[in-house]
Amino acid sequence: GHLTVEWMEYVAKRLEQSPVSVFAVVEFYTMFKTEPMGKHHIQLCRTLSCTLRGAEDMQDVVERKLGIGPGEKTPDGTFSFELVECLGSCGTAPMMRMDNRYFENLTAEKLGRILDACKQGRDPANEDTNR
């Protein structure tokens, strides 16, 4: 899930690098985390294709329904949320990745159903339709 300071220091020692070199790599790449993420980690694409097709509206849905903004986690640890660069699905924008699944062609209603399913312990893939 995440890299502690102790693990980064261990890696630095094993690679015969300075700890600051390892810390810099961990901070640069978004796939490395320094804190535990929520049970459901939402990564909402914010690049041009998604923005033009409504990513900002999707961000509003997440913030309103979960009460958290980018870089935050719900107090119960169920959800964490971040804005990310291109997830490589520009033709099906706006989109997000959650729990290593892509959710594409998002609308406010569809995203709301996906989040509600997670809150209720249901598989969010069953809500991934354009009803």
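Contact here means that heavy atoms lie within 4.5 Å of each other. In that sense, and leaving out residues up to four places away in sequence, Pro94 touches Cys50, Arg53, Gly54, Ala55, Met58, Phe103, Glu104, Asn105 and Leu106 in this predicted model. Pro94 is placed in the loop between β3 and β4, and it counts as buried because its relative accessibility is 3%, where buried means under 20%. Although 46 residues separate Pro94 from Leu48 in sequence, their C-alpha atoms are 9.8 Å apart in space.

**Helix α4**

Two of the residues that Pro94 touches, Ala55 and Met58, are also among the buried residues of α4, together with Gln59, Val61, Val62 and Leu66. These residues lie on the same side of α4 because they cover an arc of only 155 degrees around the axis. On the other side of the helix, Glu56 and Arg64 are exposed. An α-helix has 3.6 residues a turn, so residues three or four places apart point the same way. The helix itself, residues 55-66, reaches 16 Å from its first C-alpha to its last, close to the 16 Å expected at 1.5 Å a residue, and just after it Gly67 takes a positive phi of about 70 degrees.

The elements that cover the buried residues of α4 include the following.

| Element | Residues |
|---|---|
| β1 | 40-45 |
| α3 | 48-52 |
| β3 | 79-84 |
| α5 | 108-119 |

**Packing of α4 against α5**

The axes of α4 and α5 are 10 Å apart and the two helices pack at an angle of about 35 degrees, in a crossing that is right-handed. From α4, Met58, Val61, Val62, Lys65 and Leu66 take part, and they meet Ala108, Leu111, Gly112, Leu115, Asp116 and Lys119 of α5. Leu115, apart from its neighbours within four places in sequence, is in contact with Ile42, Val61, Val62, Lys65, Leu66 and Phe79.

**Nonpolar cores**

In soluble globular proteins, nonpolar side chains tend to be buried together. The largest nonpolar core in this model has 17 residues, and those with the most contacts inside it are Ile42, Met96, Leu111 and Leu115. At least two residues of this core come from each of β1, α4, β3, β4 and α5. A second, separate core of seven residues includes Cys50, Ala55, Leu87 and Met95; of these, Cys50 and Ala55 are also among the residues that Pro94 touches.

How values were computed:
Residues numbered from 1 in each chain as written. Predicted model: local features only at pLDDT ≥ 70, side-chain atom pairs only at ≥ 80, totals over all residues. Heavy atoms only, no water. Helix = DSSP H or I, 4+ residues; strand = E, 2+ residues; numbered from the N terminus. Expected span 1.5 Å × (residues − 1). Buried < 20%, exposed > 50% of the residue type's maximum accessible area, 1.4 Å probe, protein only. Arc of directions from axis to C-beta. Core = buried A, V, L, I, M, F, W, Y, C linked by side-chain atoms within 4.5 Å. Axes fitted to C-alpha atoms, helices over the stretch in contact; angles between N-to-C directions. Left-handed = near helix turned anticlockwise from the far one by under 90°.
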